[in-house]
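Let's take a walk through this structure together, one stop at a time. Have a look at it first, and then we'll start with how its pieces are named.

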Amino acid sequence: NCFDSLRVVRALHGLRKLVVASLVVVLASGVVGMPTRLYVGNLDREVPAGKDDIEDKFRKYGKVLEVWVARQPAGYAFVTYDSFKDALVAIEKEDGRTFQGRQMNIQLSMSKGGGKGDGG
């Protein structure tokens, strides 16, 4: 209904404010150049995206240091940017967008692992 839609819009607006506020704090603290890893979820599990396809999608926002695409189980990837600022821009521009027929879920990765069998 109309009230649910309004609630969703307000929540999304609040999330955008949070991302902008995080960017301001990071800029002030001087960690903009810190490598930052993103979780890219809701990718196709049946036909996993190629590493090059993911890198092509994300490199327009900054220097990509590494891309790791899950195979077992498939359906997600990690993209590591050279800077936190570039990672935040990628989240703002690509989260919720369609990639290979699926709506991506992009978040800052909270894992410290490398993604190669370490649970990351």
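Helices and strands here are DSSP runs, numbered from the N terminus; a helix needs at least four residues and a strand at least two. With that in hand, here is a small landmark: just after α3, G96 takes a positive phi of about 90 degrees. Keep in mind that what you're looking at is a predicted model.

How far can you lean on it? The protein chain averages a pLDDT of 81, and 64% of the residues score at least 70. Over residues 113-120, though, the pLDDT is below 50, even though this stretch has eleven contacts in the model beyond near neighbours in sequence. Where pLDDT is low, the predicted coordinates should not be read in detail.

Now for the overall layout. The protein chain has three helices and six strands, and reading along the sequence you meet them in the pattern α-β-α-β-β-α-β-β-β. Buried residues make up 34% of the 120 residues. Of the contacts between residues at least 6 apart in sequence, 64% join residues at least 24 apart. On the outside, the protein chain exposes about 7600 Å², and carbon and sulfur atoms supply 55% of that.

Let's head inside. The largest nonpolar core has 21 residues, and those with the most contacts inside it are V40, I54, F58, V79 and Y81. The elements that give two or more residues to this core are β1, α2, β2, β3 and α3. Which of them gives the largest share? That would be α3, with five residues.

It's worth pausing at α3, which covers residues 84-94. Its buried residues are F84, D86, A87, L88, A90, I91 and E94. If you look at how those numbers are spaced, a general point about helices helps. An α-helix has 3.6 residues a turn, so residues three or four places apart point the same way.

Back in the core, V79 is a good residue to click on. Leaving out residues up to four places away in sequence, V79 touches T36, R37, L38, V40, I54, F58, V64, E66 and V67. One of those partners, T36, deserves its own stop. T36 is found in strand β1, which runs over residues 36-41. Is T36 buried or exposed? At 7% relative accessibility, it counts as buried, because the cut-off for that label is under 20%. The side chain of T36 reaches the backbone nitrogen of F84 at 3.4 Å, and F84 is one of the buried residues of α3. Again setting aside residues up to four places away, T36 touches V79, T80, Y81, S83, F84, A87 and L108.

Next, some aromatic rings. The structure holds five aromatic pairs. A pair of aromatic rings is described by the distance of the centres and the angle of the planes. The rings of W68 and Y76 have their centres 6.0 Å apart and their planes at 55 degrees, so this pair is tilted. Y76 also pairs with F78: here the centres are 5.9 Å apart and the planes sit at 85 degrees, so the pair is edge-to-face. Ring pairs link Y39, W68, Y76 and F78 into a cluster. F78 itself counts as buried, at 6% relative accessibility.

Over in helix α2 you'll find K51, which is partly exposed at 45% relative accessibility. K51 and V69 are 18 residues apart in sequence, yet their C-alpha atoms are 6.1 Å apart in space. Beyond its neighbours within four places in sequence, K51 is in contact with V67, V69 and R71.

Finally, a tour of some backbone oddities. Most residues other than glycine have a negative phi, and most peptide bonds are trans. Against that background, look at N42, which has a positive phi of about 65 degrees although it is not a glycine. N42 is found in the loop between β1 and α2, and it is partly exposed, with a relative accessible area of 35%. Q100 also has a positive phi, near 50 degrees, and is a residue other than glycine. Q100 is found in the loop between β4 and β5, and at 41% relative accessibility it counts as partly exposed. And which peptide bond is cis? The one from Q72 to P73, with omega near 0 degrees. P73 lies in the loop between β2 and β3.

Methods
Residues numbered from 1 in each chain as written. Predicted model: local features only at pLDDT ≥ 70, side-chain atom pairs only at ≥ 80, totals over all residues. Heavy atoms only, no water. Buried < 20%, exposed > 50% of the residue type's maximum accessible area, 1.4 Å probe, protein only. Polar contact = N/O pair within 3.5 Å; in protein donor to acceptor, adjacent residues only side chain to side chain. Contact = heavy atoms within 4.5 Å. pLDDT = per-residue confidence, 0-100. Areas by Shrake-Rupley, 256 points an atom, 1.4 Å probe, with all protein chains shown as cover. Core = buried A, V, L, I, M, F, W, Y, C linked by side-chain atoms within 4.5 Å. Phe/Tyr/Trp six-rings, centres within 6.5 Å; stacked < 30°, edge-to-face > 60°.
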